[in-house]
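Colleague: I am new to this one and would love a close look at a single contact. Could you start from one pair of residues and work outwards, taking your time?

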Amino acid sequence: MNKPMQVVDPYAGERLKLSPFHERQAALNLRDAWSSWNGYKFADYYYDEEYEYFCVRNSCATYDICPMQKYIISGPDAEAMLDRMVTRDVSKLKQDRVTYVCWCTDEGRLIDDGTIFKLAEDRFLLTCGSPSLAWLRKSAFGYDALTIEDVSDTLAALSFQGPTTCEVLKKMGLDGIENLKPFSIAHFPLAGSNDSPLMVSRTGFTGDLGYELWIAPELALTLWDALYAAGEDYGIQPYGEAATNMARLEAGFIMPGMEFNEALKTIHFEYDQTPFELSLDWLVDFKKPHFNGREALLKAQRKGFNYTLVKLDIDGNKPAEESLLYADRNCEKEIGYVTSAMWSPVVKANIALAMVHSKALKGDIWAEIYYSKELRHHSKIARCVVKKAPFWSPARARVTPPAAF
Amino acid sequence: MKKYDAIIIGAGHNGLTNAAYLAKSGLDVLVVEKNDYIGGAAVTREMHDGWFYSSCSYVCSMMRQTIHRDLNLTKHGLVLVPYLGTVVFADNGDTMTSYNSEEAEYNQLRRRSPHDADAMFRFQTDLARYAQLIRKTLLRTPPDPTSFKPRDIRELLWLAKEFWSLGERELYEYIRFFTMSAADFLDDYFEDDLIKAAMASPGVIGTALGVYSPGSAYILLHHVMGDVDGNIGAWGLARGGMGAISNAIAGALQEHGGTIRTGAGVDKILVKNGRATGVVLDNGDELYANIVVSNMDAKRTFTQCMDKNDLPPGIYEKAKNFKIRGSSGKVNIALSGLPKFNNVADNRYINRGGQGFVGSMETMERAYDCWKHGRWSEDPFIESVIPSAWDPTVAPPGQHWMSNFVQYCPPKLADGPWTPEKRDAFGKTVIDKIERYSPGFKDLIVHAEVRTPHEIEAEIGLTEGNIFQGELTIDQLLFNRPFPGYAQYRMPIKNMYMCGSSTHPGGGVSSACGANAAREILMDLKRPNTVPEDDFYDE
């Protein structure tokens with residue numbers, strides 16, 4: 001008798017991992033626009049990047065953050081260890097609160113940025129874009145009473161962003177969600193359960209009203225279905241990397257690989273950045289005792305720094321992608337470069353983040369913009385104006401309870 | 001006695017834009033509006049509890065991005081959201097969907113006609129070429145071809161250069177295009193009737209012409225030359241309804257110190273010694289200003305709000321004969337749920353786009369025949385959108401607002417004046433037609449507002465309810481709009497200007513007429529120009 005043939009995929013080890021939300025997301029990925037992030041199959045977009053972007057700004061949308069790196073640091077030394085690792089004062093962080101942090105090398109160069117969630121007195125969740133276990137272990141040197149657990153694959157998460165999100169979560173039965181303040185955490189039952197397996201933080205990467213939903217992978221689809229059922233009448237839609245990148249740029253948020261080159265992956269001398277250069281000085285707390293990079297950063301602060309990350313509003317409507325910046329219209333004196341650029345559909349402005357020589361900030365800034373028209377390349381010179389405030393920063397993102405959409 | 005620098009009559013979007021730019025240059029401006037609310041035909045009104053109708057105009061594509069950016073309309077609350085996917089319905093129940101992916105669109109057209117699927121690429125390319133040229137004229141004052149002023153000669157040369165850059169063959173085509181019918185134009189590309197009907201429908205919107213009438217090809221172009229964020233031909237919704245556009249411009253106006261007075265209809269424009277000196281309101285109040293700008297249509301301005309004796313000979317006649325024929329009605333419907341349509345997939349994207357009940361080329365033409373005979377179409381062409389499927393702010397969650405633009409509907413009926421009964425019968429014709437394609441539609445209706453040209457004229461002041469403030473045919477375009485010799489926003493009376501859609505570049509929520517007029521006024525007053533130049537994606 002023939003045995004049924006066993007199907008073994010000889011390339012299984014090389015294929016991308018599938019997120020716990022994959023099944024639902026794949027059904028909606030009509031354009032098969034997949035790329036990857038940290039070993040996961042990951043959507044660039046599902047249907048149309050601009051449509052998804054507008055769901056974030058106009059209704060609500062979900063972004064799969066399962067591939068984000070997540071670590072639980074727990075034990076009596078956890079707080080001290082994190083406080084020594086990052087530039088911000090972690091001892092000020094209260095339970096059920098989240099804080100945005102960055103961490104540096106001894107030379108004060110930025111390794112990565114991320115968020116720390118204080119889940120209990122001695123229990124923290126650290127999230128970041130790139131795998132960081134090795135650096136966490138190194139940073140724990142001298143602290144014995146702690147454990148570091150990589151929960152990247154065992155904690156599923158969905159970012160839920162947009163003006164109607166609070167209403168949808170209310171409709172989903174999350175009692176009191178409207179009272180959750182920005183950067184706060186709360187726990188909720190899911191689909192009528194007696195326990196509270198759903199953790200919600202009022203955080204995000206879009207600069208708009210939004211939440212991040214944290215759940216065990218086995219409950220991921222239950223969460224998805226409950227959320228999409230509640231969101232049906234509120235314009236819910238998944239969004240991918242393309243829309244995320246648009247929204248975060250309007251909010252003025254930095255991205256590894258765009259605004260900064262991770263220090264541990266930088267070959268050329270000082271092609272990485274200090275937090276000061278990235279305008280993250282508000283993240284550096286010299287009032288607290290020793291932390292990684294403190295001496296170097298003190299020195300950098302005294303000495304001043306070469307570049308400053310700024311927000312630019314640029315004439316015309318050609319995105320200044322990869323543009324060089326000059327102090328004069330004739331492009332004789334180079335003073336910096338654009339890191340990210342786009343046409344902002346909601347603000348109707350040609351916006352960019354750019355690294356500019358700190359000394360040149362007071363003078364004129366001109367961008368040399370390249371674009372192509374039916375295969376022929378052209379360039380134009382456009383005036384740039386430095387903007388202080390984020391390009392998009394609606395009140396609803398900060399107000400508690402958020403006003404009705 | 002208070003004397004304003006400028007009084008603008010009518011708080012429609014062009015009047016507000018004009019006022020905002022005058023105020024920005026430091027002038028003391030007042031906008032007077034006959035209704036108790038602003039916006040004119042770009043207005044949002046809560047017509048049923050929780051439902052906010054864009055009572056008149058309902059989608060947006062021509063809004064000049066440069067003006068949006070320059071007046072910082074986003075700060076004043078304006079967010080324009082593009083919408084995707086329209087389904088057109090044939091008489092026999094067939095449907096055709098427009099997809100936003102080129103591949104999906106191609107496959108869809110191939111199912112109807114492989115020939116037409118291929119031809120669509122050439123059609124879109126030609127249309128884009130024509131659109132590109134006319135787009136460049138939107139934020140420019142048309143040159144006077146009989147003038148020897150350096151500025152007019154310069155502009156004429158610019159226009160000639162733009163035309164010549166099309167190349168010889170396309171130049172001929174372009175000239176033909178202005179006088180062609182949509183049907184003749186489309187015959188050069190397509191064989192499938194539903195594809196033709198779908199493409200022809202923008203050629204008659206807002207116009208008392210049929211798809212076989214000469215001149216309808218240009219109107220087709222007028223409807224596809226707009227863009228949303230550089231996607232030419234795309235249409236968008238204003239978050240919060242079309243009133244959000246007017247409200248945002250009003251916000252910019254107020255930021256620059258301008259004022260608006262509602263409930264202040266203008267009875268007469270005051271003229272003294274050949275100069276406009278102010279206005280008399282309906283309540284008899286007299287308001288004075290150095291200049292008066294009318295955002296009303298040309299016919300209303302000169303035949304209703306001015307003394308015939310104040311006008312130079314000929315102008316009154318020109319205004320009286322200005323072609324401003326009403327052709328369309330509007331049925332705004334509140335629905336308790338999202339309607340389902342026959343032969344349309346239960347697809348979260350295409351179910352939320354628009355619906356075009358075009359029927360066929362024959363049906364479109366027959367619908368026009370009714371108009372000619374002074375009746376509303378028995379089997380009308382309806383262009384529908386369900387904005388609430390995109391905009392969470394215009395209807396209660398899970399419930400919807402459907403905008404139905406209807407052609408044809410005459411301003412005057414052959415069998416006597418419009419009555420509420422006739423209006424409702426017209427509405428029933430429309431609802432019955434939709435029900436044919438969406439069984440159960442009637443059961444979803446919570447509230448409906450039926451607007452014939454009669455209602456549109458009474459409320460908005462648009463003569464005959466013509467949505468463009470005058471038809472968009474070559475005899476009334478560019479330097480012919482509204483009248484030859486008066487296309488540069490200056491009117492025959494000194495210190496009097498026009499800034500509405502009766503002027504270049506015509507109808508549509510573009511803000512271009514108001515901005516262009518402001519530029520001319522500031523030039524006459526020798527003040528620095530505050531109006532930006534247009535910028536383009538396709539420079």
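**A salt bridge and its surroundings**

Modeller: Happy to! In this predicted model, Arg112(B) and Asp192(B) bring their side chains together in a salt bridge, with N and O 2.9 Å apart. To see where this pair sits, it helps to know how chain B is divided. Its domain assignment gives domain 1 as 3-80 + 239-322 + 471-524, domain 2 as 84-113 + 328-409 + 412-451, and domain 3 as 120-204 + 213-228. By those bounds, Arg112(B) belongs to domain 2 of chain B and Asp192(B) to domain 3 of chain B. The rule finds one salt bridge across the interface of these two domains.

Let us stay with that interface. The contact involves 20 residues of domain 2 of chain B and 15 residues of domain 3 of chain B, while the C-alpha centres of the two domains are 28 Å apart. Between them they bury about 1400 Å², and carbon and sulfur atoms account for 73% of that area. There are also four residue pairs in polar contact between domain 2 and domain 3 of chain B, counting pairs with both residues at pLDDT 80 or more.

Which parts of domain 2 of chain B face domain 3 of chain B? Strands E6 (86-90), E7 (95-97) and E16 (354-359) of chain B each give two or more residues to that side, and so do helices H3 (102-112) and H13 (361-372) of chain B. H3(B) provides the largest share, four residues. The range of H3(B) ends at 112, the number of the arginine in our salt bridge. Sorted by class, this side of domain 2 of chain B holds twelve nonpolar, five polar and three charged residues.

Strand E16 of chain B leads on to a backbone detail. Asn343(B) lies in the loop between strand E15 (328-335) and E16 of chain B. Its phi is near 60°, a positive value in a residue other than glycine. Most residues other than glycine have a negative phi. Asn343(B) is exposed, with a relative accessible area of 56%. Another asparagine in chain B, Asn495(B), also has a positive phi, of about 65°. You will find Asn495(B) in the loop between helix H16 (453-460) and strand E20 (496-498) of chain B. With 24% relative accessibility, Asn495(B) counts as partly exposed. After E20(B), the loop that runs to helix H17 (512-524) of chain B contains Pro505(B). The peptide bond from His504(B) to Pro505(B) is cis, with omega near 5°.

Now step out to the meeting of the two chains. Here 38 residues of chain A are in contact with 29 residues of chain B. The size of an interface is often given as the accessible area lost when the parts come together. For chain A and chain B that area is about 3000 Å², with 47% of it on carbon and sulfur atoms. The rule finds three salt bridges across this interface. One of them joins Asp313(A) to Arg69(B), with the closest N and O atoms 3.0 Å apart. Polar contacts across the two chains amount to 15 residue pairs, both residues being at pLDDT 80 or more.

On the side of chain A that touches chain B, helix H2 (49-58) and strands E13 (307-314), E16 (349-357) and E17 (365-373) of chain A each give two or more residues. H2(A) gives the most, with five residues. The residues of this side of chain A divide into 18 nonpolar, seven polar and 13 charged.

Finally, a look inside chain A, whose assignment gives domain 1 (15-68 + 154-251), domain 2 (69-150) and domain 3 (306-400). The C-alpha centres of domain 1 and domain 2 of chain A are 24 Å apart, and their contact takes 19 residues from domain 1 of chain A and 14 residues from domain 2 of chain A. The area buried there is about 1200 Å², of which carbon and sulfur atoms give 58%. Met68(A), Phe183(A) and Ile185(A) lose the most area on the domain 1 side, together 47% of what that side buries. Between these two domains of chain A the rule finds zero salt bridges, whereas ten residue pairs are in polar contact (both at pLDDT 80 or more).

Conventions:
Residues numbered from 1 in each chain as written. Chains lettered and ligands numbered in written order. Predicted model: local features only at pLDDT ≥ 70, side-chain atom pairs only at ≥ 80, totals over all residues. Heavy atoms only, no water. Domains from an automatic or database assignment. Contact = heavy atoms within 4.5 Å. Buried area = accessible area lost by both parts, 1.4 Å probe. Salt bridge = Lys/Arg side-chain N within 4 Å of Asp/Glu carboxyl O. Polar contact = N/O pair within 3.5 Å; in protein donor to acceptor, adjacent residues only side chain to side chain. Nonpolar A, V, L, I, M, F, W, Y, C, P; charged D, E, K, R; others polar. Buried < 20%, exposed > 50% of the residue type's maximum accessible area, 1.4 Å probe, protein only.
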